[in-house]
Amino acid sequence: TRNARQLAREVGREAHDLLERGLDRQLRLAVTGLSGAGKTAFLVSLIEQLRHAGLGARLELLPAARDGRLLGAERVSQPDLSIPRFPLEAGLRSLSGQHSPHGPEWPTPTRSISELRLKIGFRPTSRAARMLDSQRATLTLDLIDYPGEWLLDLPMLEQDFTAWSSECETQLADGRGDWAHDWMGAIAGLTPDSEVDEDRLAEIASLYTDYLHAARRKGGFVDLTPGRFLLPGELDEAPVLQFFPLPGLGDWTADALAALPETSLYRTLARRFDHYRRRVVRPFYHDHFRRFDRQIVLIDVLGALNAGPAPFRDLSRALDKLFDSFAYGRRHLLARLMDRRIDRLAIAATKADHVTPEQHGAMRDLLEQLLAGPLKRLRYRDVPLKAFTIAAIRASEAREVVENGQRHPALAGHLLGEHEGSSDSGTQGAGRESVLLFPGEVPSRLPDPNFWAESRFDFPHFAPPQVDGKAPPHIRMDAVLDWLLGDHLK
Ligand code: GDP
């Protein structure tokens, strides 16, 4: 009959599609964010959710898991042996609470690029797969973690040393000068035509790096270049990282600068700047970035709210730059670097367990406002993207307290000990206080001066929950997984 013929045709087409794609599908998913955004926690959680699918992981928003088709995942050896392995085991050890007198600890953050390959087993839904009698298909998922700081270097590819120097000069004037005294002292007597020896250059570059670190750690600033000075990866101490911007170039004409001798300070720094662009920035895009299929960018919006107005403004500027990497698409100089496009992008505000659940909507609105410019450009370029509010590893529980007959939302959790708060502090604090609190309201629009004046913001640092041999508790990791993988698990 006609129906039978049509069915046969449809099944034939599905079978053809399936064979085309192969039963073993592949996907390269990259995870980035500025340091402290939550990449390491996110990857540990993502991997553990998949490994425990069907075994206690709560993944209702991921249809393949909800329907019982997700069969779990296992780690296999990664394809690129020159990239460090993502430290999953170390992260799990920290969370297990077996190795510290204080109990579970947050995984130690990664500082460079790392990679991990998972094979995810699932039962396909398509009729063709069933007819071909394959009850089981696999998705090979390559997870790549890299510092968002590296993306902040992208604009350098289109800048010359003079333009970059003048940008740095402007930034210094915007609230960061405090951290730069030593470096500014060191260059005070220098002019573009000065002759400076190698050792002295290395010293000054190291003072400039100190400035970047201080502005980051103490000031909460993030729009800091060169990104590799903060997170050098394998380039630690390499001479290619020994340069710095030269203020005051605006007083010189291009001709006068070009006429300076090779050995002059200006020519030396400009040469190193070019070398950095060619040998560090460009290869990252060429060797890694353009090979990603999908990307998630994690953003610590709450942390920036905690830090105050100048760092918050700075985060907005940094994100603007960072997202240009994804919107660049076909633009001139980079066109060749970006010949392949990321086909899905996720943007997530992390650590949502720091606020009560009814604030999550506001948190997402704030994220979208913060990214208004880049989101517009990405949509214009037709990059499919979605924004989320998540907690990779939920460290608090939502509660209600009743006061004078009124119900109020609250959070219960354990605070990290006194010196445990920052992820890179070595010393551990005393006991962990158990608390019940309301951490404040998230503005759903970009905060105005009144907001900062009232400064109602104070988010606690929660200790992680104990996660031992099970999937970490989370908020909306399943929704993120659905957006990033769902269509490949059909
Ligand atoms: P990375 O530098 O981007 O890899 O950031 P990490 O994953 O190391 O996260 C930095 C810190 O943020 C951690 O040490 C935790 O204190 C905190 N953090 C990360 N994810 C979460 C989360 O889901 N919930 C909570 N409460 N804190 C988180």
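Me: Which of the 18 residues around the ligand come nearest?

Reply: Gly-36, Lys-39, Thr-40, Ala-41 and Asp-353 come nearest, where a residue counts as near if one of its heavy atoms lies within 4 Å of the molecule or strand in question. This is a predicted model, in which local features need pLDDT of at least 70 and side-chain atom pairs count only at pLDDT 80 or more, while totals for chains, interfaces and linings use all residues. Residues are numbered from 1 along each chain as its sequence is written, and side-chain values use heavy atoms, with hydrogens and water left out.

Me: What makes the pair between Thr-40 and an oxygen atom of the ligand a polar contact?

Reply: An N or O atom in the side chain of Thr-40 is 2.5 Å from that oxygen atom, and a polar contact is a pair of N or O atoms within 3.5 Å, so the pair counts. By the same rule Asp-353 counts, since an N or O atom of its side chain is 2.8 Å from a nitrogen atom of the ligand. Ala-37 counts through its backbone, where an N or O atom lies 3.4 Å from an oxygen atom of the ligand.

Me: How much of the accessible area of the ligand does the protein cover?

Reply: The protein covers 95% of the 570 Å² that the ligand has on its own, with areas taken from the Shrake-Rupley method and a 1.4 Å probe.

Me: How many residues of each class does the shell around the ligand have?

Reply: There are 9 nonpolar, 6 polar and 3 charged residues in the shell. Gly counts as polar in this scheme, and Asp and Lys as charged.

Me: Why is the pair of Phe-229 and Tyr-276 called edge-to-face?

Reply: The count of aromatic pairs comes to 23, where rings of Phe, Tyr and Trp (its six-membered ring) pair if their centres lie within 6.5 Å, and planes under 30 degrees apart are stacked, over 60 edge-to-face and the rest tilted. The ring centres of Phe-229 and Tyr-276 are 6.2 Å apart and their planes stand at 85°, so this pair is edge-to-face. Because Phe-229 lies in helix H9 (residues 227–230) and Tyr-276 in helix H11 (residues 265–287), the pair ties together parts that are 47 residues apart in sequence.

Me: How do you know that S8 and S9 pair?

Reply: Two strands pair if DSSP finds at least two bridges between them, and S8 and strand S9 (residues 406–414) have 8, in the antiparallel sense, so the condition is met. Among the partners, Ser-396 stands opposite Gly-413, and Val-401 has His-408 as its bridge partner. S9 and S10 also pair in the antiparallel sense, over 4 bridges, with Gly-413 opposite Val-435.

Me: What makes S8 and S10 edge strands?

Reply: The open sheet of 3 strands has the order S8-S9-S10, and strand S8 (396–403) and strand S10 (434–437) each pair on one side only. The twist averages 30° from one strand to the next.

Me: Where is Asn-404?

Reply: Asn-404 is in the loop between S8 and S9, which form a hairpin with 2 residues between them. Its phi is positive, about 50°, although Asn-404 is not a glycine.

Terms used:
A polar contact is a pair of N or O atoms within 3.5 Å; within protein, one must be able to donate a hydrogen and the other to accept it, and residues adjacent in sequence count only if both atoms are side-chain atoms. Axes are lines fitted to C-alpha atoms, for helices over the stretch in contact, and angles run from 0 to 180 degrees between N-to-C directions.
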